[in-house]
Amino acid sequence: MYPDDGFRELGRQECLRLMAEVPVGRIVFTRLALPAVLPVNFCLDADGAVLLRTAAASELVRAIDGAVVAFEADDVDAARQAGWSVVVTGRAAVVTDPAEHARLSRTGPVSWVPATREVFVRIESELVTGRELVGGRTLYGVSLAAKDG
């Protein structure tokens, strides 16, 4: 991350714990040689992998299967000027093993936009980084609260 930016760096386990508390994140991938970002619902597998469920014929599946992607989740309270952001970077792959697919059908995410034929995508959590801003204060003790003019 950026060690001198005033935010508190989060450890891997803390990042995964926070991610497990929110239902929506953003997948960052390459589409037509340009960066693309899509909001998606997700869940985490026991090993920390990010799991998505989407239409088998979707453009997203074609773009990310076998590619290195980033996945970001956050929770921000603008009124308190507090929040956190976590980024998982790793290889995305469509789950092809029938036993794994059956397990994820029971325990994995449920698509918010169901399709006739769906697949699960696993994003390995090869790199997990996160940062937090607590209560509108930086690590330097500087208040971020708006000043009366």
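The following exercises, with worked solutions, concern a predicted model.

**Exercise 1. The nonpolar core**

Determine which residues of the largest nonpolar core touch the most other members, and which elements supply the core.

Solution.
Step 1. The largest nonpolar core has 29 residues, and Ile27, Leu52 and Phe71 touch the most other members.
Step 2. At least two residues of this core come from each of the following elements: helices H1 (12–19) and H2 (59–64), and strands E2 (24–31), E3 (34–41), E5 (50–55), E6 (68–77), E7 (82–94) and E8 (118–123).
Step 3. The most is given by E7, with five residues.
Step 4. Another core, of five residues, lies apart from the largest one; among its members are Leu51, Val95, Leu104 and Phe120.

**Exercise 2. Phe71 and its strand partners**

State which residues Phe71 touches beyond four places in sequence, and describe how E6 pairs with E2 and with E7.

Solution.
Step 1. Leaving aside residues up to four places away in sequence, Phe71 touches Met19, Gly25, Arg26, Ile27, Val40, Phe42, Val50, Leu52, Val86, Val87, Val88 and Ile123.
Step 2. Strands E2 and E6 pair in the antiparallel sense over three bridges. Here Ile27 stands opposite Phe71 in E6.
Step 3. The pairing of E6 and E7 is also antiparallel, over ten bridges. Val76 has Gly83 in E7 as its bridge partner.
Step 4. Four residues lie between the strands of the E6 and E7 hairpin, where Gln81 takes a positive phi near 50°.

**Exercise 3. The surroundings of Phe29**

Decide whether Phe29 is buried or exposed, and list the residues that it touches beyond four places in sequence.

Solution.
Step 1. Phe29 has its place in strand E2.
Step 2. The relative accessibility of Phe29 is 4%; because the cut-off for a buried residue is under 20%, Phe29 counts as buried.
Step 3. Not counting residues up to four places away in sequence, Phe29 touches Leu34, Pro35, Ala36, Leu38, Leu60, Ala63, Ile64 and Val69.
Step 4. Phe29 and Val68 are 39 residues apart along the chain, and their C-alpha atoms are separated by 7.7 Å.

**Exercise 4. A network of salt bridges**

Identify the residues linked with Arg122 in a network of salt bridges, and classify Arg122, Asp47, Glu124, Glu100 and Arg103 by accessibility.

Solution.
Step 1. The structure holds 15 salt bridges. A network of salt bridges links Asp45, Asp47, Glu100, Arg103, Arg122 and Glu124.
Step 2. Arg122 forms a salt bridge with Asp47, and the closest N and O atoms are 3.3 Å apart. This pair links distant parts of the chain, 75 residues apart: Arg122 belongs to strand E8, while Asp47 lies in the loop between strand E4 (43–44) and E5.
Step 3. Arg122 also meets Glu124 in a salt bridge, at 3.9 Å from N to O.
Step 4. Glu100 forms a salt bridge with Arg103, with 2.9 Å between the closest N and O atoms. Both residues lie in helix H3 (residues 98–107), three residues apart, about one turn of the helix.
Step 5. Arg122, with a relative accessible area of 13%, is buried, and Glu100, with 18%, is buried.
Step 6. Asp47 is partly exposed at 47% relative accessibility. Glu124 is partly exposed with a relative accessible area of 30%, and Arg103 is partly exposed with 26%.

How values were computed:
Residues are numbered from 1 along each chain as its sequence is written. This is a predicted model: local features need pLDDT of at least 70, side-chain atom pairs count only at pLDDT 80 or more; totals for chains, interfaces and linings use all residues. Side-chain values use heavy atoms; hydrogens and water are left out. A nonpolar core is a set of buried Ala, Val, Leu, Ile, Met, Phe, Trp, Tyr and Cys residues joined through side-chain atoms within 4.5 Å. Buried means under 20% relative accessible area, exposed over 50%, partly exposed in between (1.4 Å probe, protein chains only). Contact means heavy atoms within 4.5 Å. A salt bridge is a side-chain nitrogen of Lys or Arg within 4 Å of a carboxyl oxygen of Asp or Glu. Two strands pair if DSSP finds at least two bridges between them.
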